[in-house]
Amino acid sequence: MNRILVIDDESCILDLIREALTKFGYTVETASNGRQGVQRLKDASFDLVLTDMCMPDLDGASIVRHVRRSSRPLTPVIGISGTPWLLEGADCDAILSKPFPLQALVDTVKQLTRISLSATPAPTIFPLSISAQPV
């Protein structure tokens, strides 16, 4: 089951995203500001981070920088903002413009978690026996 961290300073947005993603089988944790989000990232690992880009204490760009400098720099990050044109070069894996359709959110999360999981190297499996083939 994929673990997702959602960071937004608007509680109604947090509740809506948590409810929508939980219905699709994701485990969702929330943080109501950037500092709380960074602390959650330090305390646990997540398969995806979804962050508001404009927050008063620590903005989404700071969250993205924290993820990229962490021990899990390939964790996908979705930036959400009412001003997406200001996010050029934000190093997000995807950007959703507020308001966004919930289906767009779910589709983006599905795509990025699938890519993220497939980017994990497969374990090396050694054969139980080796049969010699004639040359």
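Which residue in β3 is the bridge partner of leucine 5? Select leucine 5 and look across to β3, where the partner is valine 49. Keep in mind throughout the tour that this is a predicted model.

**The whole chain**

Start with a cartoon of the whole chain, in which the secondary structure comes to 4 helices and 5 strands, following the pattern β-α-β-α-β-α-β-β-α when read along the sequence. If you colour by accessibility, buried residues make up 41% of the 135 residues. A contact map would show that, among contacts between residues at least 6 apart in sequence, 62% join residues at least 24 apart.

**Strand β3 and its partners**

Now select β3, residues 48–52, and show its side chains. Leu48, Leu50 and Asp52 point one way from the strand, while Val49 and Thr51 point the other way; this fits the general rule that in a regular strand the side chains alternate between the two faces of the sheet. Because 5 of the 5 residues of β3 are buried, the strand is largely enclosed by the rest of the structure.

Add β1, residues 3–7, which pairs with β3 in the parallel sense over 4 bridges. Then add β4, residues 77–81, which also pairs with β3 in the parallel sense, again over 4 bridges. Valine 49, already met as the partner of leucine 5, has valine 77 as its bridge partner in β4, and aspartate 52 has isoleucine 80 as its bridge partner in that strand.

**Strand β4 and on to β5**

Stay with β4, which is mostly covered, with 5 of its 5 residues buried. Val77, Gly79 and Ser81 point one way from β4, and Ile78 and Ile80 point the other way. Extend the selection to β5, residues 94–97, and you will find that β4 and β5 pair in the parallel sense over 4 bridges, with glycine 79 standing opposite isoleucine 95.

**Helix α3 and the crossover**

Next, trace the chain from β3 through α3 to β4, since these three elements make a right-handed β-α-β unit. Select α3, residues 60–68, and pick out Gly60, Ser62, Ile63, Val64 and Val67, which are buried. Showing what surrounds them brings up β1, α2, β3 and β4, against which the buried residues of α3 pack.

**Helix α2**

Turn to α2, residues 34–43, where Gly34, Gly37, Val38 and Leu41 are buried. Look down the axis of α2: its buried residues fall within an arc of 100°, so they line one face of the helix. On the other side of α2, Arg35, Lys42 and Asp43 are exposed. What covers the buried residues of this helix includes β1, β2 (27–31), β3 and α3. At the start of α2, zoom in on asparagine 33, a side-chain oxygen of which reaches to within 3.1 Å of the backbone nitrogen of arginine 35.

**The nonpolar cores**

Which residues touch the most other members of the largest nonpolar core? In this core of 19 residues, they are Ile17, Leu21, Leu50, Ile78, Ile80, Leu105 and Val109. The elements that give two or more residues to this core are β1, α1 (11–23), β3, β4, β5 and α4 (102–118). Centre the view on leucine 50, which, not counting residues up to four places away in sequence, touches Leu5, Val6, Ile7, Ile17, Ile78, Ile80, Leu105 and Val109. Apart from this core lies another one, of 17 residues, and Leu5, Met55, Val64 and Val67 are among its members. In soluble globular proteins, nonpolar side chains tend to be buried together.

**Lysine 98**

Finish at lysine 98, which is found in the loop between β5 and α4. The side chain of lysine 98 makes a polar contact with the side chain of aspartate 8, at 3.2 Å. Leaving aside neighbours within four places in sequence, display the residues in contact with lysine 98, namely Asp8, Glu10, Asp52, Ile80, Ser81 and Gly82. Two of these names have come up together before on this tour, since aspartate 52 and isoleucine 80 are bridge partners.

Notes:
Residues numbered from 1 in each chain as written. Predicted model: local features only at pLDDT ≥ 70, side-chain atom pairs only at ≥ 80, totals over all residues. Heavy atoms only, no water. Buried < 20%, exposed > 50% of the residue type's maximum accessible area, 1.4 Å probe, protein only. Arc of directions from axis to C-beta. Contact = heavy atoms within 4.5 Å. Polar contact = N/O pair within 3.5 Å; in protein donor to acceptor, adjacent residues only side chain to side chain. Core = buried A, V, L, I, M, F, W, Y, C linked by side-chain atoms within 4.5 Å. Pairing = 2+ DSSP bridges. Right-handed = clockwise from strand over helix to strand, strands pointing away.
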